[in-house]
Amino acid sequence: MGIKEGLLALLADEPKHGYQLKLDLEAATGDSFSINVGQVYSTLQRLERDGLIKGGERDADGREVYEVTEAGRETLARWAMEAVDLAAAGRDEVSLKVLIAMSTVGLDPSAVIDHQRRFTMGLLQDLTQLRSRDIDSDLAWQLHLDRLMY
């Protein structure tokens, strides 16, 4: 998910100003998606330029409020129904590190793998404990922990 899609989704619920969108995006993703407020406003400008949102109205505090357009709703609906190609979703730093170690004199690929395995197992144990301790927390946080574990 990109910032564009996240902002469109939040604006599909109700009009909001930029800083509220930042806070809501972070909360909706279980705080796994940290964003700079400047990124929010630059993305809002592009969305407005592309006709996916419109701004102009001001709230009681004088902040510009944005709302999604019909074109924005259509873009959001298309994005939601696109499958994510997990094979192309990003590069795998561990695999790259092992491949580099295999072709570099002085680096031991087995040691790289062993160190990564120990770190990953410790992280998995920490996440499992956190997941069982936070069993009553909100769904977004639970899903984020599940994603990290799997």
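The following exercises, each with a worked solution, concern a predicted model of a protein chain.

**Exercise 1. Overall architecture**

Determine how many helices and strands the protein chain has, and state in which pattern they follow along the sequence.

Solution. Begin with the inventory: the secondary structure of the protein chain amounts to seven helices and three strands. Next, place these elements in sequence order, which gives the pattern α-β-α-α-β-β-α-α-α-α. Then turn to burial: 26% of the 150 residues count as buried. For the surface, the accessible area of the protein chain is about 10300 Å², and carbon and sulfur atoms hold 55% of this area. Finally, consider contacts with a sequence separation of 6 or more: residues 24 or more positions apart account for 41% of them.

**Exercise 2. The environment of Thr 69**

Locate Thr 69, decide whether Thr 69 is buried or exposed, and identify the partner of its side chain.

Solution. First, the location: Thr 69 sits in the loop that joins strand 3 (64–68) to helix 4 (70–80). Second, the classification: the relative accessibility of Thr 69 is 18%, so Thr 69 counts as buried, the cut-off being under 20%. Third, the polar partner: the Thr 69 side chain reaches the backbone oxygen of Gly 51 at 2.7 Å. Fourth, the wider surroundings: leaving aside residues up to four places away in sequence, Thr 69 touches Gly 51, Leu 52, Ile 53 and Lys 54.

**Exercise 3. Lys 54 in strand 2**

Classify the accessibility of Lys 54 and list the residues that Lys 54 touches, not counting residues up to four places away in sequence.

Solution. Lys 54 belongs to strand 2 (residues 53–58). Its relative accessibility is 46%, and therefore Lys 54 counts as partly exposed. With residues up to four places away in sequence not counted, Lys 54 touches Glu 48, Val 65, Tyr 66, Glu 67 and Thr 69. As a further distance, the C-alpha atoms of Lys 54 and Gly 72 are 9.6 Å apart in space, while the two residues are 18 residues apart in sequence.

**Exercise 4. Glu 26 and Tyr 41**

Find the backbone atom that the side chain of Glu 26 reaches, and name the residues that form a nonpolar surface patch with Tyr 41.

Solution. Glu 26 is part of helix 2 (residues 18–28). Because its relative accessibility is 13%, Glu 26 counts as buried. Its side chain reaches the backbone nitrogen of Ile 35 at 3.1 Å.

Tyr 41 lies in helix 3 (residues 37–49). A relative accessibility of 33% means that Tyr 41 counts as partly exposed. Tyr 41 forms a nonpolar patch on the surface with Tyr 19 and Leu 23, and together these residues have about 270 Å² of accessible area.

Notes:
Residues are numbered from 1 along each chain as its sequence is written. This is a predicted model: local features need pLDDT of at least 70, side-chain atom pairs count only at pLDDT 80 or more; totals for chains, interfaces and linings use all residues. Side-chain values use heavy atoms; hydrogens and water are left out. Helices (H or I, at least four residues) and strands (E, at least two) are DSSP runs, numbered from the N terminus. Buried means under 20% relative accessible area, exposed over 50%, partly exposed in between (1.4 Å probe, protein chains only). A polar contact is a pair of N or O atoms within 3.5 Å; within protein, one must be able to donate a hydrogen and the other to accept it, and residues adjacent in sequence count only if both atoms are side-chain atoms. Contact means heavy atoms within 4.5 Å. Patches are made of residues with over 30% relative accessible area and no salt bridge: like charges are joined within 9 Å, nonpolar side chains (Val, Leu, Ile, Met, Phe, Trp, Tyr) within 5 Å. Accessible areas come from the Shrake-Rupley method with a 1.4 Å probe; for residues, only the protein chains shown count as cover. A salt bridge is a side-chain nitrogen of Lys or Arg within 4 Å of a carboxyl oxygen of Asp or Glu.
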